[in-house]
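Below is a short report on one predicted model. It covers a sheet, a core, a pocket and two loop residues.

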Amino acid sequence: MDVSTGDFNAPHSMGTTIIGVTYNGGVVLGADSRTSTGMYVANRASDKITQLTDNVYLCRSGSAADSQIVSDYVRYFLHQHTIQLGQPATVKVAANLARLLSYNNKNMLQTGLIIGGWDKYEGGKIYGIPLGGTLLEQPFAIGGSGSSYLYGFFDQAWKEGMTREEAEQLVVKAVSLAIARDGASGGVVRTVTINSEGVTRNFYPSDKLSLWHEELEPQNSLLDILSTGSPEPMVS
Amino acid sequence: MNSVDSKPATSSLIGSEADSQRTLYPYVTGTSVVGIKYKDGILLAADMGGSYGSTLRYKSVERLKPVGKHSLIGGSGEISDFQEIMRYLDDLILSDNMWDDGNSLGPKEVHNYLTRIMYNRRNKFNPLWNSLVLGGVKNGQKYLGTVNMIGVHYEDNHVATGFGNHLARPLLRDEWHENLTFEEGVILLEKCMRVLLYRDRSAVNKLQIAKITEEGVTISPPYALKTFWNFSAFENPTLGAEGSW
């Protein structure tokens, strides 16, 4: 008989939206840029997509401290591994190193990771490492508190074999949608695209993103609205 | 066994050093595994869901895996712990092969190995949060057993984990018999999996059935089951009693 039908704690949500998708030739990683301590936004322009090697990057969510130290250790071990191996490390090795740290310290760490990269053996690959240290290779992965709002979106919008442009647009749209609804996500959308040619970083400030439901076009001032002489701007 | 309070002993009873090394609760979990003996060997079934609390987060998790030449394992509970168990088993099988003595571990031995791991972790208050089904055939002898996170282990003609114990076992007690054919076994397992799909919140409609015989292991590709909702009683259930369900 099983013990595990008891009422165990539901997982903690994490202040962030992170995404990784594979496309035909590589991967696109995306994230928001908000780091919050409680209700305060400690950093409105953080970079949650961290480099592990030339060809492997990591999206961090959850505790900023935990995810940073894990990524530092993985980078350190991967560097040594690359020296010994004599060629670029594979995405799978990077992901497994991160898994080892996450799994073996599961009681102390609170960080969800998405590893993405390109190597010559397997091409573009995405690995998700949620709380607990499970390692899952996926065609796309989402994480962080903002990801709750994206399960339905990706169920509908994801398709296999997208082009690089389609994949990047999908990631930007998704992070933007999550930012719209998740208080713990915000700021800008950062993307990192990795393929055989190399790595490209992109930056999408909010004016580059679409407006969603009940959002208005940002203005410099009310005065501009009044001066354009639209009928009945001020209602008494 | 009624529902056990799954909170571990308080830290005051154990040294503070041991405190940092205990699994307190699972994160990504798999639900039921069901297994039956049939004419030629063992059949196991499990869906491919990995739940994250109440969210059905992952829908392509393989929870049925071969172990060496003679065994098949199905895992429910924390997926990261199941992945670690697979690593232990891979090491075990590797060592067994390295002896190169013409002998290989059978399902009974693998089940025993797993039991020792699970029970010893339980004794250290740091369980591997899983319930496992281990089945196999060696030298014509069929074996089907189960072991869970507290070390409880037994063998039977049909076993299940989690909800499967409550929903599938009664069906199996009624309909299982010695020398089921492969087709009969699959139909029976699918009957169990369909009930679980209806009644287990963490079930997903994507499953695999695995077979092990003297010849070897086959794991089916993922597939989904048809479900039935066309009952007249379902159409307007509150007709005579508004507000009821």
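A nonpolar core is a set of buried Ala, Val, Leu, Ile, Met, Phe, Trp, Tyr and Cys residues joined through side-chain atoms within 4.5 Å. Buried means under 20% relative accessible area, exposed means over 50%, and partly exposed lies in between, with a 1.4 Å probe and protein chains only. The model is predicted, so to speak of local features takes pLDDT of at least 70 and side-chain atom pairs count only at pLDDT 80 or more, while totals for chains, interfaces and linings use all residues. Residues are numbered from 1 along each chain as its sequence is written, chains are lettered from A and ligands numbered from 1 in the order written, and side-chain values use heavy atoms, without hydrogens and water.

**Core.** The largest nonpolar core has 22 residues. Ile19(A), Val21(A), Leu150(A), Phe154(A), Trp158(A) and Val189(A) have the most contacts inside it. In chain A, β1, β10, α3 (151-157) and α4 each give two or more residues to this core. Helices (H or I, at least four residues) and strands (E, at least two) are DSSP runs, numbered from the N terminus. The most comes from α4(A), with eight residues. Phe154(A) touches Ile19(A), Val21(A), Phe140(A), Ile142(A), Leu170(A) and Ala174(A), not counting residues up to four places away in sequence. Contact means heavy atoms within 4.5 Å.

**Sheet.** Five strands of chain A form an open sheet in the order β10-β1-β2-β11-β12, with antiparallel pairing. β10 (140-143) and β12 (198-204) of chain A are at the edges with a single partner strand each, so one side of each has no neighbour in the sheet. Two strands pair if DSSP finds at least two bridges between them. β1 (residues 18-23) and β2 (residues 26-31) of chain A pair over six bridges. Here Ile19(A) stands opposite Gly30(A). Helix α4 (residues 164-181) of chain A packs on the sheet and touches β1, β2, β11 (189-195) and β12 of chain A.

**Loops.** Two residues other than glycine have positive phi.

| Residue | Phi | Loop | Relative accessibility |
|---|---|---|---|
| Glu214(A) | near 65° | between β12 and α5 (222-227) of chain A | 67%, exposed |
| Asn179(B) | about 65° | between α4 (163-175) and α5 (182-199) of chain B | 47%, partly exposed |

**Pocket.** The largest pocket is lined by 34 residues. Leu136(A), Glu137(A), Gln138(A), Ser60(B) and Val61(B) lie nearest its centre. A pocket is an open set of points on a 1 Å grid over the protein atoms alone where a 1.4 Å probe fits, with protein on both sides within 12 Å along at least five of seven lines; lining residues have an atom within 4 Å of a point. The largest share of the lining, six residues, comes from α2(B).

Terms used
Axes fitted to C-alpha atoms, helices over the stretch in contact; angles between N-to-C directions.
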